[in-house]
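Hi,

Here is the structure I promised to pass on to you. Please have a look at it first, and then read my notes below.

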Amino acid sequence: MNWNLYQKELKRNRKNLMIWSAIVIAFTLMITSIFPYMKGMGDDITALMDKMPPELGKALGMDANTWSSILGFYSTYYGIYIIVLVSIFTTSTGATIISKEEKDQTSEFLMSKPISRLDIFKTKMLALFTLSMIMYIIQTTVALVSISIFRGDPVDWDVFAIMHVNGLILMLFFTSLGVIISMFVTPKKNFMGIVVGITFGSYFINAIGQAADAVNWISYISPFHYMSFIVNESEYSVNYLSAIVLLAIGAGVLYISYLKYKKKDIVG
Amino acid sequence: MEAIKTNKLSKYYGKSVGIKDVSLTINKGEVFGFIGPNGSGKSTAIRTLLGLLIPTSGSATILGHDIAKEGKEIRKKIGYLPSEVHYYDEMSSRELLLYSSRFYGPENPAEIERLAEMFELDLDKKITDLSFGNKKKCAIVQCLIHEPELLILDEPTAGLDPLMQNRFFELLEAENKKGTTIFFSSHILSEIQRLCDRAAIIRKGEITAVENIQDLLEKQMKKVRLVFKEKPIDLKLPPGSQHEKWHDNKLNFEYVGMVKPLLQFLNQLDLIDAVLEEPDLESIFMNYYER
């Protein structure tokens with residue numbers, strides 16, 4: 001771990017972090033603050049849900065109860081948008097944190113300094129983790145405060161905690177994918193397309209699998225299947241085995257990325 | 001102890017050769033030249049020594065440390081000046097130089113200030129606003145601030161105006177007197193002649209010769225252009241002359257050998273003008289090393 005490089009990475013990504021945090025904060029506030037109005041329409045919406053094809057409800061993780069509690073309401077948006085938005089930020093940061101130096105050809109400067117490739121990799125990963133956690137903690141705090149304000153009825157905070165643990169694991173998993181993509185995809189252009197594709201894509205694969213029983217299996221390839229946000233299920237809990245497996249895959253992906261990075265030729 | 005010692009160091013890019021079986025020994029305190037035309041493998045050799053490229057085969061030590069295993073130790077003691085400077089656009093020169101110096105130890109703003117003044121570098125300008133030459137100056141300061149034991153310079157004068165080149169050479173001579181070893185890569189022979197004790201010549205990735213500069217001078221070809229008052233009859237050129245060409249009363253030829261016999265020969269002619277030119281490296285290779 002190299003403190004000099006670590007500080008530099010945080011500073012370099014500061015602006016991006018602020019912009020994305022602002023988006024995610026605004027979104028969290030918007031969802032939670034509209035809940036009291038939605039709740040007022042509860043009966044109408046329940047009637048509407050009854051008329052909707054049940055597959056659509058399942059795909060979106062909604063049922064009649066969704067509209068009656070703030071956590072039910074928040075969870076549908078948390079699962080679709082917030083985690084995907086947070087992951088797009090962390091994954092794209094992961095994809096660029098090393099590759100930007102190669103694209104801008106500054107890796108020649110960095111690697112001619114007295115620092116080993118392992119130190120560079122570790123330091124950059126730690127900076128990436130720091131940035132991701134700042135983002136995650138900001139969002140969770142804002143959600144916590146905002147839900148407390150707009151909840152109306154008492155809230156089961158355990159459910160909130162489970163949701164956010166699941167979100168954290170998904171975020172870390174996607175972030176590690178960002179790193180490995182940047183190691184194997186050339187030319188080092190804009191990774192945003194791939195990143196959005198993977199995060200939103202895995203969400204939709206899961207949604208399709210849940211909606212249509214015929215292609216139920218498809219949801220098994222999506223990490224969203226294992227880290228569920230359907231909070232109204234009777235036994236909603238963290239799936240620890242899946243969590244460990246996803247984190248282990250993430251760690252393995254980072255290790256492969258390091259092996260690739262260690263042997264990389266820096267051609268000017 | 002040797003400053004740099006390479007043993008059959010090779011680097012292939014797929015099937016194409018970067019460098020092949022490079023074996024060099026550079027002593028401590030020496031100013032060693034590395035000459036070759038563009039694309040001959042100079043930068044590949046340097047990048048391999050720095051650990052930017054992973055060698056295909058062979059080995060090397062720098063200041064007694066193995067390049068494959070102790071890169072970090074080596075780079076503490078090296079100052080590297082790249083041929084093309086790519087720095088962080090959003091930083092100012094001062095920020096970059098402070099950032100760079102923190103990799104070696106505590107910041108040394110006074111030394112940065114002193115060197116920047118010497119090279120007339122505006123420290124507050126952003127890297128992205130710097131011209132090619134000014135980026136080079138920033139890189140020069142960057143490679144000197146931590147007082148390295150070994151300087152590796154890859155075409156250091158490209159982009160510098162003659163005044164700065166001169167200042168830079170004077171600084172290098174002073175550093176060398178203090179004991180700094182200098183590895184100087186260039187495709188300009190006169191630079192190498194001015195600074196270096198010995199030089200290696202690299203061509204198509206292979207070392208073709210390691211010469212004392214003195215010997216190189218004697219073997220060096222010169223292009224001679226003479227303008228006569230009247231075209232002489234039966235002119236006998238001195239030994240070592242070749243490729244003579246006449247245009248009316250003008251004569252062009254190439255000369256390889258000691259300079260004295262050539263001057264004696266010129267002295268006895270009835271000339272309006274005489275020009276002795278240093279040929280480009282490529283023609284030295286063509287004319288000398290392939291003979």
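**What I found**

Buried residues, meaning those under 20% relative accessible area (exposed is over 50%, partly exposed in between, with a 1.4 Å probe and protein chains only), make up 52% of the 268 residues in chain A. Before I go on, some housekeeping: this is a predicted model, in which local features need pLDDT of at least 70 and side-chain atom pairs count only at pLDDT 80 or more, while totals for chains, interfaces and linings use all residues. Residues are numbered from 1 along each chain as its sequence is written, chains are lettered from A and ligands numbered from 1 in the order in which they are written, and side-chain values use heavy atoms, with hydrogens and water left out.

**Chain A**

Chain A has 11 helices and zero strands; helices (H or I, at least four residues) and strands (E, at least two) are DSSP runs, numbered from the N terminus. The pattern along the sequence is accordingly written α-α-α-α-α-α-α-α-α-α-α.

The radius of gyration of chain A is 20 Å, which agrees with the value near 18 Å for a compact globule of 268 residues. That radius is taken over C-alpha atoms, and the globule rule is 2.2 Å times the number of residues to the power 0.38. Along the principal axes, the C-alpha atoms of chain A fill a box of roughly 65 × 40 × 30 Å.

Contact here means heavy atoms within 4.5 Å. For chain A, 79% of the contacts with a separation of 6 or more are between residues 24 or more positions apart.

The surface that chain A exposes is about 12,200 Å², with 68% of it supplied by carbon and sulfur atoms. These areas come from the Shrake-Rupley method with a 1.4 Å probe; for residues, only the protein chains shown count as cover. Chain A carries 21 positive and 18 negative charges, whose mean positions are 18 Å apart. Lys and Arg count as positive and Asp and Glu as negative, leaving out His and the chain ends, and each charge is placed at NZ of Lys, CZ of Arg, CG of Asp or CD of Glu.

One residue to look up is Ile34(A), in helix 1 of chain A. Ile34(A) is partly exposed, at 33% relative accessibility. Its C-alpha atom is separated by 29 Å from that of Gly209(A), 175 residues apart along the chain.

**Chain B**

Chain B has 10 helices and 14 strands. Its C-alpha trace spans about 75 × 45 × 35 Å along the principal axes, and 49% of its 291 residues count as buried. The accessible surface of chain B is about 13,800 Å², and carbon and sulfur atoms hold 48% of that. As for charge, there are 39 positive and 44 negative side chains in chain B, with the centres of the two sets 4 Å apart.

An automatic or database domain assignment gives chain B domain 1 (2-213) and domain 2 (220-289). The C-alpha centres of these two domains lie 36 Å apart.

Helix 3 of chain B (residues 93-102) has seven of its 10 residues buried, so it is largely enclosed by the rest of the structure. Leu96(B), Leu97(B), Leu98(B) and Tyr99(B) are among them. What do the buried residues of helix 3 of chain B pack against? They meet helix 1 (3-40) and helix 6 (107-111) of chain A, together with helix 4 (109-118) and helix 5 (132-144) of chain B.

Two glutamates in loops of chain B are also worth pulling up:

- Glu155(B) sits between strand 7 (150-154) and helix 6 (162-177) and is buried at 17% relative accessible area. Leaving aside neighbours within four places in sequence, its contacts include Lys42(B), Lys136(B) and His187(B).
- Glu30(B) sits between strand 2 and strand 3 (31-35) and is buried at 8%. With the neighbours within four places again left aside, Glu30(B) touches Asp197(B) and Arg198(B), among others.

Finally, the backbone. Asp21(B), in strand 2 (residues 16-27), has a positive phi of about 50° although it is not a glycine, and is partly exposed at 41%. Asp248(B) also has a positive phi of about 50° without being a glycine; it lies in the loop between strand 12 (241-247) and strand 13 (250-256) and is exposed, at 65%.

Best wishes
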